[in-house]
Amino acid sequence: MRTIDIQGVVRNTLGENAAKKNRKEGLVPCVLYGGDKNHHFTVIESDLHKLIYNPDFHAAKINLDGKESIAIIKETQFHPVSDALLHVDFFELKEGKKITLELPVRYIGTAKGVRVGGKLVTKQRRLKVKSTLENLIPEISVDLTELDLGKTIKVGDLKLENVEIVNSPSTPLATIEIPRSMRSEATPVGKKK
């Protein structure tokens, strides 16, 4: 599992006034929960960019006063007008304990149907999965090489070890559409559809 190091500073004063003061200093108030107790801390806003504005899945390795915790982002709050980052909730991951989260879907290979003129239409960019920290994978790879014209690959077609996909097995992932030009070629001359 890929992680990004985050250096946090414990917050001793809580409340809206303290949070506003932190934001003026370029710090983002954060909470780490899921462990023995909740930890309130601040992080330099720019340190969170590579974790939040990233299409890939990364966990955060949060260092608070020398104690490291592996966590994922559970919620982010942004200012409604300026879109500035206001607050981040992290959830601490523990070995052996299952967690539900979303992972990116990576489509690999060139489909048979695309090679003969079909159009690839991807339906899902992320899937919800349930797994433990030690079995967590960074992404879900979907091999498209055998997908032919007019065919669809669904969630139920995926086989992952130690990772349970929460989405319905009938959820489509990708389809190879037959272009209009190829459909009209298949229609016999003199017959109407």
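# Worked exercises on a predicted model

A search of the whole structure, which is a predicted model, turns up six salt bridges. Let's start with those and then move on to strands, cores and backbone angles.

## Exercise 1: a salt-bridge network

Work out which residues are joined with Arg-106 into one network of salt bridges, and place each partner in the chain.

**Step 1.** Start with Asp-56. Its side chain meets that of Arg-106 in a salt bridge, at 2.1 Å from N to O. This pair ties together distant parts of the chain: Asp-56 sits in the loop between α2 (45–52) and β4 (59–64), Arg-106 sits in strand β7, and the two are 50 residues apart.

**Step 2.** Now take Glu-139. Its side chain also forms a salt bridge with Arg-106, this time at 3.1 Å, N to O. Again distant parts of the chain are linked, with Glu-139 in the loop between β9 and β10 and Arg-106 in strand β7, 33 residues apart.

**Step 3.** Put the pairs together. Through shared partners, Asp-56, Arg-106 and Glu-139 make up one network.

**Step 4.** Check the accessibility of the members. Asp-56 has a relative accessible area of 22%, so it counts as partly exposed. Arg-106, at 31%, is partly exposed too, and Glu-139 gets that label with 23%.

## Exercise 2: two partners, two labels

Glu-92 and Lys-94 form a salt bridge; assign each one to buried, partly exposed or exposed.

**Step 1.** Get the geometry down. The closest N and O atoms of this pair are 3.3 Å apart.

**Step 2.** Recall the cut-offs: buried is under 20% relative accessible area, exposed is over 50%, and partly exposed lies in between.

**Step 3.** Apply them. Glu-92 comes out at 7%, so it is buried. Lys-94 comes out at 32%, so it is partly exposed.

## Exercise 3: Ser-131 and its strand

Find out where Ser-131 sits, whether it is buried or exposed, and what surrounds it.

**Step 1.** Locate the residue. Ser-131 belongs to strand β9, residues 126–132.

**Step 2.** Read off the accessibility. With a relative accessible area of 1%, Ser-131 is buried.

**Step 3.** List the contacts. Leaving out residues up to four places away in sequence, Ser-131 touches Lys-97, Lys-98, Ile-99, Leu-136, Asn-162 and Val-163. For Asn-162 there is a polar detail as well: its backbone oxygen is 3.4 Å from a polar atom of the Ser-131 side chain.

**Step 4.** Look at how the strand pairs. Strand β7 (residues 98–108) and β9 run antiparallel to each other over seven bridges, and Lys-98 stands opposite Thr-132 in β9.

**Step 5.** Follow β7 to another partner. β7 pairs with strand β10 (residues 140–143) in the parallel sense over four bridges. Here Ile-108 has Asp-143 in β10 as its bridge partner.

## Exercise 4: the nonpolar cores

Identify which strand gives the most residues to the largest nonpolar core, and look at what Ile-72 touches.

**Step 1.** Begin with the membership. The largest nonpolar core has 26 residues, and Ile-72, Leu-101, Leu-127 and Val-142 touch the most other members.

**Step 2.** Sort by strand. At least two residues of this core come from each of β7, β9, β10 and β13 (172–177). The top contributor to this core is β7, with four residues.

**Step 3.** Zoom in on Ile-72. Setting aside neighbours within four places in sequence, Ile-72 is in contact with Phe-57, Ala-59, Asp-89, Phe-90, Phe-91, Leu-93, Ile-99 and Leu-101.

**Step 4.** Don't stop at one core. Apart from the largest lies another, of 17 residues, with Leu-32, Leu-48, Ile-52 and Leu-64 among them.

## Exercise 5: positive phi

What sign does phi have in Asp-65 and in Asp-83, and where do these residues sit?

**Step 1.** Set the baseline. Most residues other than glycine have a negative phi.

**Step 2.** Take Asp-65. Phi is positive here, about 50 degrees. Asp-65 lies in the loop between β4 and β5 (67–78) and is exposed, with a relative accessible area of 67%.

**Step 3.** Take Asp-83. Its phi is near 65 degrees, also a positive value. Asp-83 is in the loop between β5 and β6 (85–92) and, at 54% relative accessible area, is exposed.

Notes:
Residues numbered from 1 in each chain as written. Predicted model: local features only at pLDDT ≥ 70, side-chain atom pairs only at ≥ 80, totals over all residues. Heavy atoms only, no water. Buried < 20%, exposed > 50% of the residue type's maximum accessible area, 1.4 Å probe, protein only. Polar contact = N/O pair within 3.5 Å; in protein donor to acceptor, adjacent residues only side chain to side chain. Contact = heavy atoms within 4.5 Å. Pairing = 2+ DSSP bridges. Salt bridge = Lys/Arg side-chain N within 4 Å of Asp/Glu carboxyl O. Core = buried A, V, L, I, M, F, W, Y, C linked by side-chain atoms within 4.5 Å.
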